[in-house]
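Please open the model in a viewer and keep the sequence panel visible. The tour below proceeds from one selection to the next.

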Amino acid sequence: MSDFAPDRVLVLGIGNVLWADEGFGVRCVEVMAETRAVPENVKLLDGGTQGLYLLPFLEEADALIVFDAIDFGLEPGEMRVLRDDDVPAFMGAKKMSLHQTGFQDVIATAQLMNRCPAKLTLIGCQPVELEDYGGGLRPAVAAQIEPAIRECEAELARWGISVAAGVTQADDLADASIRRGAYEGGRPTEGEACRMGDHRFFPGAEKVRA
C-alpha cells in the first residue's frame, strides 16, 4: 500500500463500441459494475467518446483509472498498465473523426487548468480489429476484460480502497440496449449490414432511384 490515499477516484471506460475492439474500455467498466461492489468514493463511468465533456468528472477526482483500447504496437490482445506521466502519450487507439477530441487532449486541458487528478493509471489493451462497423470485441481482447479489472482492483488496493464481489449501481453507464450481450447478440448478418459503414455512400455506389 502506498502513502497516497485519494478521497475520490474515477474509474473511466472510454472508446467507441460501434467499432469492434475500440469498445474495450467501455466494456471493462460495464463488467466491473456488474461484478464488483465499489465503495461510494469510487465512481464508475462510461465515458464513450465524449471528449471535453468529461472534464468536470476529472476535476472532481483525486485519482483516475482509465480502461481503453491502446495502440502500443504490441501483439494484438496484449495488455499494458501505464501511470502518471506515461499516460497522455498513449491515449486512444483510433480517432473516429477529425472533430473528435482525443482523451489525451482532455488530460492536457485539465493539466493546463491545474485540475487534473494527482494520479493517473491507464489499463490498455492492444486491439485486434477496429475496422468492423457494428462489430463486437474480438476474443483475444474480450479475454482481457477480467485481467484488466483485476489490475484496477490492485491499483485501488494500493490506495487503500477495497473492492468486493457484488454489483455497483451506476447511473453513468450505457443503456441496457447496447450493453455487450444485447449489442453483440443482436447484430445483423454481414449480408444485412455493411461492416465498414453505410455502403450507400461509398465512392462509386449506384444511386438509388426515388
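Two strands are taken to pair if DSSP finds at least two bridges between them. With that criterion in mind, note that the model is predicted, and begin with the chain as a whole.

**The whole chain**

Display the protein as a cartoon and colour it by secondary structure. Six helices and seven strands should appear. Traced along the sequence, these elements succeed one another as β-α-β-β-α-β-β-α-β-α-α-β-α. The protein has 210 residues, of which 44% count as buried. If a surface is switched on, the exposed area is about 11100 Å², and carbon and sulfur atoms supply 51% of that area. Among contacts with a separation of 6 or more, 81% are between residues 24 or more positions apart.

**Strand β1 and its neighbours**

Select residues 9–14, which make up strand β1. How many of the six residues of this strand are buried? Six of the six are, so β1 is largely enclosed by the rest of the structure. In a regular strand, side chains alternate between the two faces of the sheet. Show the side chains of β1 to see both sides: Val-9, Val-11 and Gly-13 are buried on one face, and Leu-10, Leu-12 and Ile-14 are buried on the other.

Add residues 42–48, strand β3, to the selection. β1 and β3 run parallel and are joined by six bridges. A convenient landmark is Ile-14, which stands opposite Gly-48 in β3.

Next add residues 63–69, strand β4. Here too the strands run parallel, with five bridges between β1 and β4. On this side, Leu-10 stands opposite Leu-64 of β4.

**The complete sheet**

Extend the view to the five strands of the open sheet, whose order is β3-β1-β4-β6-β5 and whose pairing is mixed. Which strands lie at the edges? They are β3 and β5 (79–83), each of which pairs on one side only. On average, neighbouring strands of the sheet are turned by 15° against each other, direction ignored.

Move to the β5 end of the sheet. β5 and β6 run antiparallel and share five bridges. Select Arg-83 to find one point of pairing: its bridge partner in β6 is Thr-121. Strands of a sheet pair through backbone hydrogen bonds, either parallel or antiparallel.

**Helix α5**

Select residues 145–158, helix α5. This helix has 14 residues and spans 20 Å from its first C-alpha to its last, close to the 20 Å expected at 1.5 Å a residue. Its buried residues are Ile-145, Pro-147, Ala-148, Ile-149, Cys-152, Glu-155 and Leu-156. An α-helix has 3.6 residues a turn, so residues three or four places apart point the same way. Beyond the helix, select Gly-160, which follows α5 and has a positive phi, near 80°.

**Salt bridges**

Finally, display the charged side chains. The structure holds 12 salt bridges, and three of them are visited here.

Start from α5 by selecting Glu-153 together with Arg-36. Their closest N and O atoms are 3.1 Å apart, in a salt bridge. This pair links distant parts of the chain, since Glu-153 belongs to helix α5 and Arg-36 to strand β2 (residues 36–37), 117 residues apart. Is Arg-36 buried or exposed? At 9% relative accessibility, Arg-36 counts as buried.

Proceed to Glu-59 and Arg-115, which form a salt bridge with the closest N and O atoms 3.6 Å apart. Glu-59 lies in helix α2 (residues 55–59) and Arg-115 in the loop between α3 (103–112) and β6 (119–125), so the pair ties together parts 56 residues apart in sequence. Glu-59 is partly exposed at 29% relative accessibility, and Arg-115 is partly exposed at 44%. Now add Glu-146 to the earlier pair: salt bridges that share partners join Arg-36, Glu-146 and Glu-153 into one network.

The last stop is Arg-179 with Glu-34, whose side chains meet in a salt bridge (4.0 Å, N to O). Arg-179 lies in the loop between β7 (164–165) and α6 (180–185) and Glu-34 in helix α1 (residues 24–35), so this pair ties together parts 145 residues apart in sequence. Arg-179 is partly exposed, with a relative accessible area of 22%, and Glu-34 is partly exposed at 41% relative accessibility.

Definitions and conventions. Residues are numbered from 1 along each chain as its sequence is written. This is a predicted model: local features need pLDDT of at least 70, side-chain atom pairs count only at pLDDT 80 or more; totals for chains, interfaces and linings use all residues. Side-chain values use heavy atoms; hydrogens and water are left out. Helices (H or I, at least four residues) and strands (E, at least two) are DSSP runs, numbered from the N terminus. Buried means under 20% relative accessible area, exposed over 50%, partly exposed in between (1.4 Å probe, protein chains only). Contact means heavy atoms within 4.5 Å. Accessible areas come from the Shrake-Rupley method with a 1.4 Å probe; for residues, only the protein chains shown count as cover. The expected span of a helix is 1.5 Å times one less than its number of residues. Axes are lines fitted to C-alpha atoms, for helices over the stretch in contact, and angles run from 0 to 180 degrees between N-to-C directions.
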